[in-house]
Amino acid sequence: MARSIDYGNLMHNAMRGLIQSVLTDVSQRGLPGNHHFFITFDTTHPDVAIADWLRDRYPTEMTIVIQNWFENLDVTDTGFSITLNFGNNPEPMVIPFDALRTFVDPSVEFGLRFETHEEDDEDAPEGKEDNAEAPDKPHHEAEVVSLDKFRK
């Protein structure tokens, strides 16, 4: 088999590094201006740590908003932990970068979407399709924004 460069995984690693840098800055200095984030992640990822009631309510994926109230944002090389408020109940959670599906900052129309390797890999083991979302489920996904349209 010929060796090839896996640009898809290289790009995803670079995008996760960008998110890590942004969240690290926010953990140290807070959210600047009108910036806020919508982060969607895979709740079935083995390293995701969320309350049982949240996992029951969001069995496959969950979108969190980092905006007005959050505490204990701690960013590592592999992911981040944060405490968010759900109906006046602070809930700690741990989210690995590998579990991310989308990252959106609507204040500047910036968004990233992560495709899982299994979805892109034609040689994926059979049965992976069972984990895919139903086609009739509405999608609220971010799209990768080209920086060219913001250049003058």
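1. Two strands are treated as paired if DSSP finds at least two bridges between them. In this predicted model, β4 and β5 are joined by 8 bridges and run antiparallel. One bridge places F80 opposite I95 of β5. Another position to inspect is N85, which stands opposite P90 in β5.

2. The connection between these two strands is a hairpin with 2 residues between β4 and β5. G87 lies in the turn and has a positive phi of about 60°.

3. The hairpin strands also belong to an open sheet of 3 strands, ordered β3-β4-β5 with antiparallel pairing. Because β3 and β5 stand at the edges with a single partner strand each, one side of each is left without a neighbour in the sheet. On average, neighbouring strands of this sheet are turned by 15° against each other, direction ignored. Helix α1 packs on the sheet, where it touches β3 and β4. The direction of α1 makes about 130° with that of β3.

4. Helix α1 covers residues 7–29, a run of 23 residues. From first C-alpha to last the helix reaches 33 Å, close to the 33 Å expected at 1.5 Å a residue. G30 follows α1 and has a positive phi, near 85°.

5. Which residues of α1 are buried? They are H12, M15, R16, I19, L23 and V26; the list includes a histidine and an arginine, H12 and R16. The packing partners of these buried residues are β1 (37–42), β2 (61–66), β3 (70–75), β4 (79–86), β6 (100–105) and β7 (110–113).

6. The largest nonpolar core has 27 residues, of which F41, I64, F80, M93 and L100 touch the most other members. Two or more residues are given to this core by each of α1, β1, β2, β3, β4, β5 (89–96) and β6. The largest share, 4 residues, comes from α1. As a general tendency, nonpolar side chains in soluble globular proteins are buried together.

7. F80 deserves a separate entry. Leaving aside residues up to four places away in sequence, F80 touches L23, I39, I64, L73, D74, V75, M93, V94, I95, F97 and L100. Among these contacts is I95, which is also the bridge partner of F80 in β5. I64, M93 and L100 appear in that contact list and, with F80 itself, are among the core residues that touch the most other members.

8. Two backbone positions merit a check of their torsions. Most residues other than glycine have a negative phi. N72, found in strand β3, has a positive phi near 55°. E109, placed in the loop between β6 and β7, has a positive phi near 50°. Are these two residues buried or exposed? N72 is exposed, with a relative accessible area of 56%. E109 also counts as exposed, at 55% relative accessibility.

9. Confidence should be stated with any use of the model. The protein averages a pLDDT of 81, and 76% of the residues score at least 70. Among the elements, β1 has the highest mean pLDDT, 96, and helix α3 (residues 117–120) the lowest, 46. Over residues 119–147 pLDDT stays under 50. For that stretch the model has 23 contacts beyond four places in sequence.

How values were computed: Residues are numbered from 1 along each chain as its sequence is written. This is a predicted model: local features need pLDDT of at least 70, side-chain atom pairs count only at pLDDT 80 or more; totals for chains, interfaces and linings use all residues. Side-chain values use heavy atoms; hydrogens and water are left out. The expected span of a helix is 1.5 Å times one less than its number of residues. Buried means under 20% relative accessible area, exposed over 50%, partly exposed in between (1.4 Å probe, protein chains only). Contact means heavy atoms within 4.5 Å. A nonpolar core is a set of buried Ala, Val, Leu, Ile, Met, Phe, Trp, Tyr and Cys residues joined through side-chain atoms within 4.5 Å. pLDDT is the predictor's confidence in each residue, from 0 to 100. Axes are lines fitted to C-alpha atoms, for helices over the stretch in contact, and angles run from 0 to 180 degrees between N-to-C directions.
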